[in-house]
Amino acid sequence: TRALMLSDGKIELIGGVDKVSNAYLLSNASDLNTNSSLEAADKAPSLLTVTGCETAYHAKDIMKLRISWSKKIDVQWAGVSIVGSKGEYIFGSNTGDMKVDGSAIDYSVNLNLGPGRYYLTVAINDSRGNPIEIAEKVRGFLIYGDQKNNVGGLTRMEFDYREVADS
């Protein structure tokens with residue numbers, strides 16, 4: 001089976017369904033981290049820095065992020081959640097009982113998600129559990145359509161946090 005992608009009435013790409021559908025998704029992904037019409041400001045938050053998020057992944061890829069903040073902030077725990085394009089909560093986790101002594105953590109999650117657009121929300125809290133900052137839709141990403149993966153419904157997302165030693 002083959003597919004065709006048009007742009008302004010001109011052929012952009014002819015190829016396999018996966019290749020063409022992924023190219024189409026990526027060609028329309030430019031607004032993931034620059035669209036000013038998002039509900040939340042889609043920019044780097046003032047206290048948090050999130051690096052490592054790619055624009056697109058395949059289902060079951062591992063996303064690796066670094067979340068960092070000023071050394072002056074006393075962070076007890078950090079958390080990351082994934083929301084869908086309509087704001088629906090998909091998955092979230094936090095460092096829990098892991099005491100965060102430094103100013104950064106590395107986070108990885110197995111993206112056991114179906115095709116579509118997703119956004120990250122990142123939060124850091126103090127020792128009393130009060131939010132220091134909650135950055136909604138801080139980064140956006142796509143999961144490519146892959147007709148071979150049957151992903152959907154309730155799913156278990158594997159994740160890991162590692163503290164980064166201050167240098």
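In the predicted model, residues 24 or more positions apart account for 67% of the contacts in the protein that have a separation of 6 or more. The protein contains one helix and 11 strands, and its elements, taken from the N terminus on, follow the order β-β-α-β-β-β-β-β-β-β-β-β, with the helix placed after β2 and before β3. Of the 167 residues, 41% count as buried, while the accessible surface comes to about 9600 Å², 48% of which belongs to carbon and sulfur atoms.

The largest nonpolar core comprises 30 residues, among which Met 63, Trp 69, Leu 111, Leu 120 and Phe 141 touch the most other members. Two or more residues are given to this core by each of the elements β3 (48-51), β5 (62-69), β6 (77-84), β8 (104-110), β9 (116-125) and β10 (131-143).

Five strands form an open sheet with mixed pairing, in which the strand order is β4-β10-β9-β6-β7. The edge positions are held by β4 (56-57) and β7 (89-94), each of which has a single partner strand, so that one side of each is left without a neighbour in the sheet. At the β7 edge, the pairing of β6 with β7 is antiparallel and extends over five bridges; within this part of the sheet, Tyr 89 of β7 is the bridge partner of Val 83. The strands β6, β9 and β10, which belong to this sheet, are also among the elements that give two or more residues to the largest nonpolar core.

Definitions and conventions: Residues are numbered from 1 along each chain as its sequence is written. This is a predicted model: local features need pLDDT of at least 70, side-chain atom pairs count only at pLDDT 80 or more; totals for chains, interfaces and linings use all residues. Side-chain values use heavy atoms; hydrogens and water are left out. Helices (H or I, at least four residues) and strands (E, at least two) are DSSP runs, numbered from the N terminus. Buried means under 20% relative accessible area, exposed over 50%, partly exposed in between (1.4 Å probe, protein chains only). Contact means heavy atoms within 4.5 Å. Accessible areas come from the Shrake-Rupley method with a 1.4 Å probe; for residues, only the protein chains shown count as cover. A nonpolar core is a set of buried Ala, Val, Leu, Ile, Met, Phe, Trp, Tyr and Cys residues joined through side-chain atoms within 4.5 Å. Two strands pair if DSSP finds at least two bridges between them.
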